[in-house]
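Biologist: Here's the model I'd like to go through with you. Can you tell me what stands behind each label as we go?

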Amino acid sequence: MSVAESWSRVMSLLREHAPADHADLPGPATERMLAAAEARMGISLHGDLRTWLLRSNLDLPEEDVDDDVMCCGFDGFPDEGSFFRGIRAMERLYANRSTSCGFDPPDQPDDPFWRNEWIPFLSDQDGWRGKFVDVRDGRVGSWFVGGPSVTGEYASMAQYFDSVAKTLTRIADGSSPVCRVAGGRLVWS
């Protein structure tokens with residue numbers, strides 16, 4: 001399954017089971033927005049990341065952005081405490097994490113906490129933990145400040161979004177112990 005198909009499945013489940021949350025999500029990014037962000041970051045986005053952003057750029061509207069918060073997003077999606085990042089939010093966190101030598105810490109090139117080839121697409125509000133796409137091969141990994149990064153947690157964004165769709169399916173059928181739908185919204189306990 002492609003990233004477009006797996007994301008479409010996530011959006012269909014959200015629209016069907018949590019329509020109020022779905023209605024809050026903004027539209028897509030444009031090629032121009034992506035090209036400008038790539039130029040500022042100095043790195044090309046992976047094709048799957050580009051495809052996803054051209055379908056759903058999950059940046060908050062400018063008037064809702066809080067400059068004191070590392071990540072702004074849509075509360076409760078994809079899970080409690082994590083937010084999908086739009087292109088502006090990705091760029092902001094990327095600028096905070098990238099280093100002049102390309103990896104951090106500089107004396108651990110084979111086991112870094114962060115590599116400049118990783119683009120964060122999901123994080124907590126503070127940007128301390130989250131998921132990234134490796135632009136070299138499209139694999140999805142995760143990081144946690146002060147802890148080891150995990151590369152290749154998912155083979156692709158499509159595989160990751162399939163896992164989100166499975167979670168939404170469990171929520172919809174009432175078998176999730178930590179989330180339910182109320183008033184058209186995901187409610188985490």
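**Helix pairs**

Modeller: Let's start with helix α3 (residues 31-41) and helix α5 (residues 87-97): their axes come within 10 Å and cross at roughly 5°. Axes here are lines fitted to C-alpha atoms, for helices over the stretch in contact, with angles from 0 to 180 degrees between N-to-C directions.

Biologist: What makes α3 and α5 roughly parallel to each other?

Modeller: The cut-offs are under 35 degrees for roughly parallel, over 145 for roughly antiparallel, 65 to 115 for roughly perpendicular, and oblique for the rest. The crossing is at roughly 5°, so α3 and α5 are roughly parallel. Met33, Leu34, Ala37, Arg40 and Met41 of α3 make the contact with Ile87, Glu91 and Tyr94 of α5, where contact means heavy atoms within 4.5 Å.

Before we go on: this is a predicted model, so local features need pLDDT of at least 70 and side-chain atom pairs count only at pLDDT 80 or more, while totals for chains, interfaces and linings use all residues. Residues are numbered from 1 along each chain as its sequence is written, and side-chain values use heavy atoms, with hydrogens and water left out.

Biologist: And how do you know what to call a helix or a strand?

Modeller: They're DSSP runs numbered from the N terminus: H or I over at least four residues for a helix, E over at least two for a strand. By that count the protein has 6 helices and 10 strands.

Biologist: Why are α1 and α6 called roughly parallel too?

Modeller: Helix α1 (residues 3-17) and helix α6 (residues 157-172) have axes that come within 8 Å and cross at roughly 20°. That angle fits the parallel class, so α1 and α6 are described as roughly parallel to each other. Their crossing is left-handed, a term for a near helix turned anticlockwise from the far one by less than a right angle (clockwise would be right-handed). Among the residues that meet are Ser6, Val10 and Leu13 in α1, and Ala158, Phe161 and Ala165 in α6.

**Buried or exposed**

Biologist: Ser6 is in helix α1. What makes Ser6 count as buried?

Modeller: Buried means under 20% relative accessible area, exposed means over 50%, and partly exposed is in between (1.4 Å probe, protein chains only). Ser6 has 0% relative accessibility, so it counts as buried. Leaving aside neighbours within four places in sequence, Ser6 is in contact with Met1, Met157, Ala158, Phe161 and Asp162. A polar atom of the Ser6 side chain also lies 3.2 Å from the backbone oxygen of Val3 and 3.4 Å from the backbone oxygen of Ala158.

Biologist: What about Lys131 in strand β6 (residues 129-134)? Why is Lys131 called buried?

Modeller: Its relative accessible area is 13%, so Lys131 is buried. Residues that Lys131 touches beyond four places in sequence include Phe121, Trp143, Glu153 and Tyr160.

Biologist: How do you know that the side chains of Lys131 and Glu153 make a polar contact?

Modeller: A polar contact is a pair of N or O atoms within 3.5 Å; within protein, one must be able to donate a hydrogen and the other to accept it, and residues adjacent in sequence count only if both atoms are side-chain atoms. The Lys131 and Glu153 side chains come in at 3.1 Å, and the pair is listed as a polar contact.

Biologist: Asp134 is in β6 as well. What makes Asp134 buried?

Modeller: Its relative accessibility is 2%, so Asp134 counts as buried. The Asp134 side chain makes a polar contact with the side chain of Arg136 (2.6 Å).

Biologist: Gly138 is in the loop between β6 and β7, and Pro177 in the loop between α6 and β9 (179-182). Is Pro177 buried or exposed?

Modeller: Gly138 has 1% relative accessibility, so it counts as buried. Pro177 reaches 73%, so Pro177 counts as exposed.

Biologist: How much of the protein is buried?

Modeller: Buried residues make up 49% of the 189 residues.
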